[in-house]
Amino acid sequence: MDSTVAASPQFKDRKGGLMCFGLGTACLGGLCGLCGLFAPLMIFAARMAPPAANSPAPPNMLPIAALYGVLAVILIWLGIGSIMARRWARALLAIWSWSWLAMGLMSLVAMVLMASHLAEVIRAAQPPGQPQLSGGAQTAIMLVPIFLMGFLFVVLPLIWGLFYSGRNVKATCEARDPVVRWTDRCPLPVLAVSLWLGLGTASMLVMPVFHSVAPLFGMLLSGAAGTVFYLALAAIWGYAAWAVYRLEWRGWWMVFVAFILFGVSNVITYSVHDISEVYALMGYAPAQVEQMGALGFSGRTPMAWWSAAFILPLLGYLWYIRRFFRRECAMESSSLKGRPRCVCSGRESAGD
């Protein structure tokens, strides 16, 4: 054990836990990499198989493969950082774990609400003349994915989040990695918003490549109009990510107002347009649109309600982190390279 860590009786050294959870994180990254490899194999198999009559065209798996590949690299990188007890790795893994949990809870709720539609799909998929599945078998088919999702997207991220948010884990990383990192210059709840805005910027830049459709106050923008919309949104998210990281009020207000406008826009749009119209504009085959409709991914009222239900928690979280922003910062002269520093409620960060 390092002498600096052994001489600190204020906390328990969690180096062993950081190594174990880091290894687990790297293994999750490897699993994502394997999932990403399956996508090209599915594309190859679909192209080599003889076309069946009235069968829908296989979906484009390349974006899914790219997503899994990027996620694999990030998780392996974070896992190595955790094994090395790096401060930035602990901060990013704490943010990733709680974000993973939030998305998992929303996905689990959506799956539970779609359970009745799934039962109808199971009954409709049975070949004619075959005996119908018993009620217990149908219930088991519906419950297994729900329990599996609950474990992967609720239980695991909760364990990860509690560990990496622990006081002793934070103190261990600070003792073993005394250098101030970029993740230390912003409170973690705010850093999470900045990182998600940065991810949103990258997503908006690639959305036009996949023929995505943008809902805008009752209109469905596609083609050149949709491309301009996503490029403009990427610029807004990029600037907001930078401003939020610097704890500037303008960044917080930009995101807060934008979320309200997007929520109202989605409610209006999906009150007059069915989600199947969006799928058609994105190039999905009619058979694929019909399949998604059977699973409950259709209808005007449900999508309008889902849009409102998704925005409200985001607004609540933004309202929570506003306490980290200050209207005025006392600027002092820093002895380090003569640069100014901003002192806000005990927080110190390097200025420009």
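This is a short talk on the aromatic residues around helix H10 and how that helix packs.

Okay, so before anything else, keep in mind that what you're looking at is a predicted model. Let me start with the overall picture. The protein chain has 13 helices and five strands. Of its 352 residues, 36% are buried. If you take the contacts with a separation of 6 or more, 74% of them are between residues 24 or more positions apart. And the accessible surface is about 20,200 Å², with carbon and sulfur atoms accounting for 71% of that.

Now, the aromatics. Searching the whole structure turns up 19 aromatic pairs. One of them is tryptophan 249 with phenylalanine 325: the centres are 5.8 Å apart, the planes are at 45°, and the pair counts as tilted. What I like here is where the two partners sit. Tryptophan 249 is in helix H10, residues 249-272, while phenylalanine 325 is in the loop between helix H13, residues 300-321, and strand E3, residues 330-333. That's 76 residues apart, so this pair links distant parts of the chain. Both tryptophan 249 and phenylalanine 325 are buried.

Compare that with tryptophan 252 and phenylalanine 256. Why do we call that pair stacked? Because the ring centres are 4.9 Å apart and the planes are at 10°. These two are both in helix H10, four residues apart, which is about one turn of the helix. Tryptophan 252 and phenylalanine 256 are buried too.

And those two pairs belong together: Trp249, Trp252, Trp253, Phe256, Trp319 and Phe325 make up one aromatic cluster.

There's a charge in the picture as well. Which residue lies over the face of tryptophan 319? That's arginine 322, at 4.2 Å from the ring centre. Arginine 322 also lies over the face of tryptophan 252, there at 5.7 Å from the ring centre.

Last bit: the neighbour of H10. Helix H9, residues 223-245, has its axis come within 7 Å of the H10 axis, and the two cross at roughly 140°. The crossing of H9 and H10 is left-handed. If you want to click through the interface, the H9 side includes Phe229, Leu233, Ile236, Trp237 and Tyr239, and the H10 side includes Arg250, Gly251, Met254, Val255 and Phe259. Tryptophan 252 is on that H10 list too, so keep an eye on that residue: it's stacked on phenylalanine 256, it has arginine 322 over its face, and it meets H9.

Methods. Residues numbered from 1 in each chain as written. Predicted model: local features only at pLDDT ≥ 70, side-chain atom pairs only at ≥ 80, totals over all residues. Heavy atoms only, no water. Phe/Tyr/Trp six-rings, centres within 6.5 Å; stacked < 30°, edge-to-face > 60°. Buried < 20%, exposed > 50% of the residue type's maximum accessible area, 1.4 Å probe, protein only. Lys NZ or Arg CZ within 6 Å of the ring centre and 35° of its normal. Contact = heavy atoms within 4.5 Å. Areas by Shrake-Rupley, 256 points an atom, 1.4 Å probe, with all protein chains shown as cover. Axes fitted to C-alpha atoms, helices over the stretch in contact; angles between N-to-C directions. Left-handed = near helix turned anticlockwise from the far one by under 90°.
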